[in-house]
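User: Please take a close look at a single helix in this model and explain how it is packed.

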Amino acid sequence: MSERKQFRAIKGTRDILPPDSALWNWFEHSAHEVFESYNFGEIRLPVFESTELFARSVGTETDIVSKEMFTFSLSQGFKNDRQTHDESEPGELVSLRPEATASVCRAYIEHNMQALPGNQKLYYIGTMFRRERPQKGRYRQFYQIGAEVLGQSDAPAIDAEVLEMLLVFFNRVGLTRTTLYVNSIGDKTCRPQYVELLREELRKVKDKLKEDSLRRIETNPLRVLDSKIPEEQPIIETLPRISDHLCDDCRAHFAKLKEELNLRRIEYKENWRLVRGLDYYTRTTFEVTAEGLGSQNAVCGGGRYDGLVELLGGPPTKGIGFAIGTDRSILSIEESGNVPKLGGLAVYIAWMGQASYPTAVNIARKLRAAGLSIELPPEEMKFKKALGLADKLGARYAVIIGEDEVASGTFTLKRLADGDQKKLAEGELLEYLESERRR
Ligand code: HAM
C-alpha cells in the first residue's frame, strides 16, 4: 500500500492558529480604530491584478517585479476550466499582488475618485505575495496593513499626519521600541542628475563592488545605497548624498516636513541611504524598524509617489502612504513580552444529568448574548473531568448545573483561580458575570 501523503503548508506560507489569531485580530482591529479616527476609509482590493500594473508601478528592474511575483496566465491557468475566458484579453498575465499601492491607484482611476470631495484617504488590510527566500520575519505570503492619501495636494502636513497616524497606531499596540527613519529622494527635476552623478562615482569604484551592486550601477544606482554587504559600506559612505543635490522645491518640502514632524513631537532620524525597493517614490521616503527581529527588522515602509496615478493613465495626482508588515510587528510585540491579555474563555458550563441539559443550553445562550465566551460541553461528563477540562481550557469560571441546582432554580458559580464558590439565581448570575466582563 502506498504511503498516504502528509500535506504541509507550502514553504513560505503558514497557519495562524488560536490563540495567536486573537492577537492578530486585535492588532487589525486597532488599525481600524486608529485609522478611522483620522478619517480614513477601508478599501478592499482583489488579490490578483494584471502583471503589467505591478511592472509599471513598482518597476521592471526591481527585485519584486523581476524575481518575486507569482504570475500566471488567465487563459491557460486552469486545466479543468471549460468556460470561455474573457476573450477581450486572451492570455493576459496576472500576478498575486506583491503590494497594494498599485491596486489603490488603479482603483482610484477606475472609480474616478478624483471627482470626490477632498483627499481620498484609504486603508487596506490583507495578504501580499512575494517569492522571497523565507526566513524569520520574511514569508512568501505575508500580511500588510496599509494606508494611502491621494489627491491634488502634496502639502508636507499630509506626510506628517500620515506618520503621526502610523506612530499613534504603533503606540496603541505597544510597538514602542521602534525607530522612524526619513529621507527625501528628490523628484523628476533633481533626481535624474543625482542618479547620473551617483552612477559616475560608482563606475570609479567598480572593482570594489559585488555582483548585485555592479549590475545596479547601470539598472538602478540608487539601490546600491541599500546594500547590506559589509565590504561595500565604507565605499558607500564616500558617495555623494541626495540631500546635497535636491532642487529648491524638494529641499523646501523636506524642510517643511521636518518642521511638521517637530510640531507633532515625532522623533525621527534622517537616513540619506533610505531609497526603498520600489520605483514609484518621489521626495519623502520613510521606514520604521523595530527591535528583536534580526535582519528583517523593517516593520513599515512608505513614502510619496506623486505621478504614479498619471503613469497608470489617470489624472495628475499626488500620493503618499505606507504599509505595515503585520507578521513582523506581531513578532516584535511577542518578543518584547508586551502581549495584551485578550478575551479567552470566560465560562465553562459543567452540567450533569440529562435533566439539567435544557437549563445548560438555555443559560449558555443567555450568557453568550451578554457577550461572554462560553464553552458548553456537547456530552455529559463526570464532574471531576468537566472541571479538569475547564481548567485546561483556561476558563475563568465554571457554572455548575446538577440536579440540586435544577430543583432549586439556582446555579453554582465557581471561580477557577481560587475555587471560590457561590449559589446564584439566574438574574444574579447574569448580572455578576456581565459586571466581571466589563472589569
Ligand atoms: P515594502 O517596504 O515593500 O513597501 O513593504 C512594507 C512592509 O511589509 C515591510 O516593511 C515589511 O514589514 C513587510 N514585508 C515586506 N515583504 C515581506 C515579506 N516577504 N514577509 C513579511 N513581511 C514583509 C510596500 O509594500 C509599499 N506598498 C508601501 C507603501 C504604501 N508605499 C506607499 N504606500
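Analyst: What follows concerns helix 11 and its surroundings.

The model is predicted, so local features need pLDDT of at least 70 and side-chain atom pairs count only at pLDDT 80 or more, whereas totals for chains, interfaces and linings use all residues. Residues are numbered from 1 along each chain as its sequence is written, and side-chain values use heavy atoms, with hydrogens and water left out.

Helices (H or I, at least four residues) and strands (E, at least two) are DSSP runs, numbered from the N terminus. Eight of the eleven residues of helix 11 are buried (under 20% relative accessible area, with a 1.4 Å probe and protein chains only), so the helix is largely enclosed by the rest of the structure. These buried residues are Thr-326, Asp-327, Arg-328, Ser-329, Ile-330, Leu-331, Ser-332 and Ile-333, and their cover includes helix 1, helix 5 (156–172) and strand 6 (141–151), together with strand 9 (282–290), strand 10 (298–304) and strand 11 (318–325).

With helix 1 (residues 20–37), the axes, which are lines fitted to C-alpha atoms over the stretch in contact, come within 11 Å and cross at roughly 115 degrees, on a scale from 0 to 180 degrees between N-to-C directions. That makes helix 1 roughly perpendicular (65 to 115 degrees) to helix 11. Contact, meaning heavy atoms within 4.5 Å, is made by Asp-20, Leu-23, Trp-24, Trp-26 and Phe-27 of helix 1 and by Thr-326, Asp-327, Ser-329, Ile-330, Ile-333 and Glu-334 of helix 11. Beyond its end, helix 11 is followed by Gly-337, whose phi is positive, near 75 degrees.

Methods: Angles under 35 degrees count as roughly parallel, over 145 as roughly antiparallel, 65 to 115 as roughly perpendicular and the rest as oblique. Buried means under 20% relative accessible area, exposed over 50%, partly exposed in between (1.4 Å probe, protein chains only).
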